[in-house]
Amino acid sequence: GDIFGGWLMGQMDLAASSIASRRAQGRASTVAVDGMSFLSPVSVGDEVSLYAHLESEGRTSMKIHVEAWRRARSGDESLKVTEATFTFVAIGEDGKSRALPPG
């Protein structure tokens, strides 16, 4: 009755990629995920909310922190189920890393 952890990690990657591609003003690729641990299970039918923010950036890379929270279908209480920091690199048309635009 619980969701697959890989599915949740994929959803978190999508949330982070939304921020990364906007900041990069183009393509960005996930290169690392740090510190993911599952704090509690997510049941099928739970509402899952993801919150992401740009934590830091370098010349070509960005660190984006993502938290996942769940709310049971029949309740009002939300619980954090996991968090992680995703590292992305801006990608140019040649498929190689490129500098982030001024931001």
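Here are three short exercises, with worked solutions, on a predicted model of a protein chain.

**Exercise 1. The elements**

Work out how many helices and strands the protein chain has, and in what order they run.

*Solution.* Start with the tally: the secondary structure comes to 1 helix and 4 strands. Next, walk along the chain from the N terminus, and the elements read α-β-β-β-β.

**Exercise 2. Following the strand pairing**

Find how S3 pairs with S2 and with S4, and trace the bridge partners of Arg71.

*Solution.* Begin with S2 (residues 47-57) and S3 (residues 61-71): these strands are antiparallel and share 10 bridges. The connection between them is a hairpin with 3 residues in between. Now move on to S4 (residues 78-90), which also runs antiparallel to S3, with 11 bridges joining the two. Here the hairpin passes through 6 residues. Finally, look at Arg71 in S3: Glu47 is its bridge partner on one hand, and Ser78 of S4 is its partner on the other.

**Exercise 3. The chain as a whole**

Describe the extent, burial, contacts, surface and charges of the protein chain.

*Solution.* First take the extent: the C-alpha trace spans about 45 × 20 × 20 Å along its principal axes. For burial, 28% of the 103 residues fall in the buried class. Then turn to contacts with a separation of 6 or more: 68% of them link residues 24 or more positions apart. The exposed surface comes to about 6000 Å², with 51% of it supplied by carbon and sulfur atoms. Last come the charges: 11 side chains are positive and 13 negative, and the centres of these two sets are 7 Å apart.

Notes: Residues are numbered from 1 along each chain as its sequence is written. This is a predicted model: local features need pLDDT of at least 70, side-chain atom pairs count only at pLDDT 80 or more; totals for chains, interfaces and linings use all residues. Side-chain values use heavy atoms; hydrogens and water are left out. Two strands pair if DSSP finds at least two bridges between them. Buried means under 20% relative accessible area, exposed over 50%, partly exposed in between (1.4 Å probe, protein chains only). Contact means heavy atoms within 4.5 Å. Accessible areas come from the Shrake-Rupley method with a 1.4 Å probe; for residues, only the protein chains shown count as cover. Lys and Arg count as positive and Asp and Glu as negative; His and the chain ends are not counted. The place of a charge is taken as NZ of Lys, CZ of Arg, CG of Asp or CD of Glu.
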